[in-house]
Amino acid sequence: MQNINHQKHLIIGSTESNASTRLIPFLLKLNDDFPNMNLELITNTTKETIKNVLNYKVDIAFISGEPKNDELIILNKIDENIVLVEPKNRPATNTFLSFKNGCAYNEYGQSYLKNILNEDYKHLEFGNYETILGCVKAGMGKSILPLSIIEKLNYKNDLKLTKIPKSIINIPTYLVCRKDYIPRIKDYLENFKF
């Protein structure tokens, strides 16, 4: 295990959704502020990213939804606006399109459709958000995603978006680390403005 006190190398874990929306400006700023620190990025689902933190495979991680593990501490929090995504000019089929299993939006979305909208649906999983949004636009189904992904991928004007109140679905992005493996730049990460 590397000695984190010297912080010569920072391994960052992230969900695909966060990597596609806000990670590039974060990495650029981190690289500018710490020019001698090597950076590494590993992306996966929230479930796998949490496992990577717990198994010391990453130093810090961006995950979707509040961490439920006592071994993790929260360094920063980013609020997300979650929306129901449907085709703009046609009715959506009863098909839920989501990112692969282990994604927090997948789990919350299935629960929302079943318990709040009381809908039975077919479920299709994909490996990237561009495919999900393209399929929704084509009328293949509906999805539940953060507005930040839809805006980043330029689909906002092509889809019908219905904001879901935070009282129903609240899935902030959290920057976390292990309690026993705190990065030397902890204060920097806690004060970073996303």
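This passage describes the sheet, a helix that packs on it, and the cysteines of a predicted model.

In this model, five strands form an open sheet with mixed pairing, and their order across the sheet is β2-β1-β3-β10-β4. Strands β2 (38-44) and β4 (72-78) stand at the edges, where each has a single partner strand, so that one side of each is left without a neighbour in the sheet. From one strand to the next, the twist averages 25°. In general, the strands of a sheet pair through backbone hydrogen bonds, and this pairing is either parallel or antiparallel. The pairing of β4 with strand β10 (residues 173-178) is of the antiparallel kind and runs over six bridges, and Ile-78 stands opposite Thr-173 in β10. Helix α3 (residues 46-54) packs on the sheet, where it touches β1 (9-15), β2, β3 (60-64), β4 and β10; the direction of helix α3 makes about 155° with that of β3.

Turning to the cysteines, the number of disulfides comes to zero, where a disulfide would require a pair of cysteine sulfur atoms within 2.5 Å. Cys-103 is in no disulfide, and the nearest cysteine sulfur, which belongs to Cys-135, is 16 Å away. Seen from Cys-135, the closest cysteine sulfur is likewise that of Cys-103, and because the two sulfurs are 16 Å apart, they are too far from each other for a bond. Cys-103 counts as buried because its relative accessibility is 5%, and Cys-135, with a relative accessible area of 16%, is also buried, the cut-off for this class being under 20%.

Methods. Residues numbered from 1 in each chain as written. Predicted model: local features only at pLDDT ≥ 70, side-chain atom pairs only at ≥ 80, totals over all residues. Heavy atoms only, no water. Pairing = 2+ DSSP bridges. Helix = DSSP H or I, 4+ residues; strand = E, 2+ residues; numbered from the N terminus. Axes fitted to C-alpha atoms, helices over the stretch in contact; angles between N-to-C directions. Contact = heavy atoms within 4.5 Å. Buried < 20%, exposed > 50% of the residue type's maximum accessible area, 1.4 Å probe, protein only.
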